[in-house]
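Got the model open in your viewer? Let's walk through it one selection at a time, starting with the whole chain and then zooming in.

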Amino acid sequence: MTLQVTLTPDLAQAPLVTFGFDPFEARLVSIMRHFVTAANTPGSQAWHRAFVIAAENWGEAHGLAVAHTLWPVVRELLELREGDFTSNDPLDLDTRDLLTTDEAQFIAMLHHMRRDHTAKARDAVEALTHGHMNPDLIRAGLSFADRFPSGARQRLRGTPALRVVG
């Protein structure tokens, strides 16, 4: 599956479903948006809402770990992009299911990293950062991908083995 993230200038946003992200990645969008809001609006409580949404999505233990591990990826990106990251308002119902180009590129980067698609992940990082292969962003993204991989790896790493207790 190849993800196309380029949007035409006429269409600054595209429906989330058009990108082929898995359900886990689709749920990251809202959390990422709240983190962007928190970073851009000092004193806001948007970071708290991000953690609440993560806990609601995946349960407290897993969800809080997801949010905790996603925050450094968002933070590194926003620091690198220096305020030049376009994100929808996480509370706007009209744009809930739409992605900006930047949001789509961010999720695409994680999508490819979670699947160990090295070349595609590299291309996604380059597109997202406008050519700056920042090691801190890459390290944070790979750390997230290692903790929350896709597919069979995810089931093997994150799920304890069932056993009969007598």
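**The whole chain**

Start with everything shown: of the 166 residues in the chain, 42% are buried (buried means under 20% relative accessible area, exposed over 50%, and partly exposed in between, using a 1.4 Å probe and protein chains only). Before you click further, note that this is a predicted model, in which local features need pLDDT of at least 70 and side-chain atom pairs count only at pLDDT 80 or more, while totals for chains, interfaces and linings use all residues. Residues are numbered from 1 along each chain as its sequence is written, and side-chain values use heavy atoms, with hydrogens and water left out.

Now switch to a cartoon view. The secondary structure comes to 7 helices and 2 strands (DSSP runs numbered from the N terminus: helices are H or I with at least four residues, strands are E with at least two). Following the sequence, you will trace the pattern β-α-α-α-β-α-α-α-α. As for contacts (heavy atoms within 4.5 Å), take those between residues at least 6 apart in sequence: 65% of them join residues at least 24 apart.

**Stop one: the rings around Phe35**

Turn on the aromatic side chains. Rings of Phe, Tyr and Trp (its six-membered ring) pair if their centres lie within 6.5 Å; planes under 30 degrees apart count as stacked, over 60 as edge-to-face and the rest as tilted. By this rule there are 8 aromatic pairs. Select Phe35 and Phe51: their ring centres are 5.8 Å apart and the planes stand at 75°, so this pair is edge-to-face. The two sit 16 residues apart, with Phe35 in helix 1 (residues 23–40) and Phe51 in helix 2 (residues 46–58). Is Phe35 buried or exposed? Its relative accessibility is 1%, so Phe35 counts as buried. Phe51, at 22%, is partly exposed.

Keep Phe35 and add Trp71. This aromatic pair is tilted, at 5.2 Å centre to centre with 55° between the planes. Here the link runs from helix 1 to helix 3 (residues 60–81), across 36 residues. Trp71 is partly exposed, with 28% relative accessibility.

**Stop two: helix 2 against helix 3**

Select these two helices. They pack at an angle of about 135°, with their axes 7 Å apart (axes are lines fitted to C-alpha atoms, for helices over the stretch in contact, and angles run from 0 to 180 degrees between N-to-C directions). That makes helix 2 oblique to helix 3; angles under 35 degrees count as roughly parallel, over 145 as roughly antiparallel, 65 to 115 as roughly perpendicular and the rest as oblique.

Show side chains where they touch: Ala50, Phe51, Ala54, Ala55 and Trp58 in helix 2 meet a set in helix 3 that includes Leu64, Val66 and Ala67. By class, this contact has 8 nonpolar, 3 polar and 1 charged residues (Ala, Val, Leu, Ile, Met, Phe, Trp, Tyr, Cys and Pro count as nonpolar, Asp, Glu, Lys and Arg as charged, and the others, Gly among them, as polar).

**Stop three: helix 4 against helix 6**

Next, pick helix 4 (residues 101–114) and helix 6 (residues 135–147), whose axes come within 9 Å and cross at roughly 55°. That makes helix 4 oblique to helix 6. On the helix 4 side, select Met109, Leu110, Met113 and Arg114; they meet residues of helix 6 including Leu137, Ile138 and Phe144. This contact divides into 8 nonpolar, 1 polar and 1 charged residues.

While helix 4 is lit up, click Ile107, which lies in that helix. At 0% relative accessibility, Ile107 is buried. Leaving out residues up to four places away in sequence, Ile107 touches Phe21, Glu25, Leu28 and Val29.

**Stop four: Phe148 and its cluster**

Move on to Phe148, in the loop between helix 6 and helix 7 (152–158). Phe148 is buried, with a relative accessible area of 3%. Add Phe24, Trp58 and Phe144, and you have one aromatic cluster together with Phe148. Then check Arg114: its C-alpha atom is 6.9 Å from that of Phe148, although they are 34 residues apart along the chain.

**Last stop: two loop residues**

Finish with Glu82, in the loop between helix 3 and strand 2 (98–100). Glu82 has a positive phi of about 50° although it is not a glycine, and it is exposed at 70% relative accessible area. Asp116, in the loop between helix 4 and helix 5 (118–128), has a positive phi of about 60°. Asp116 is exposed too, with a value of 52%.
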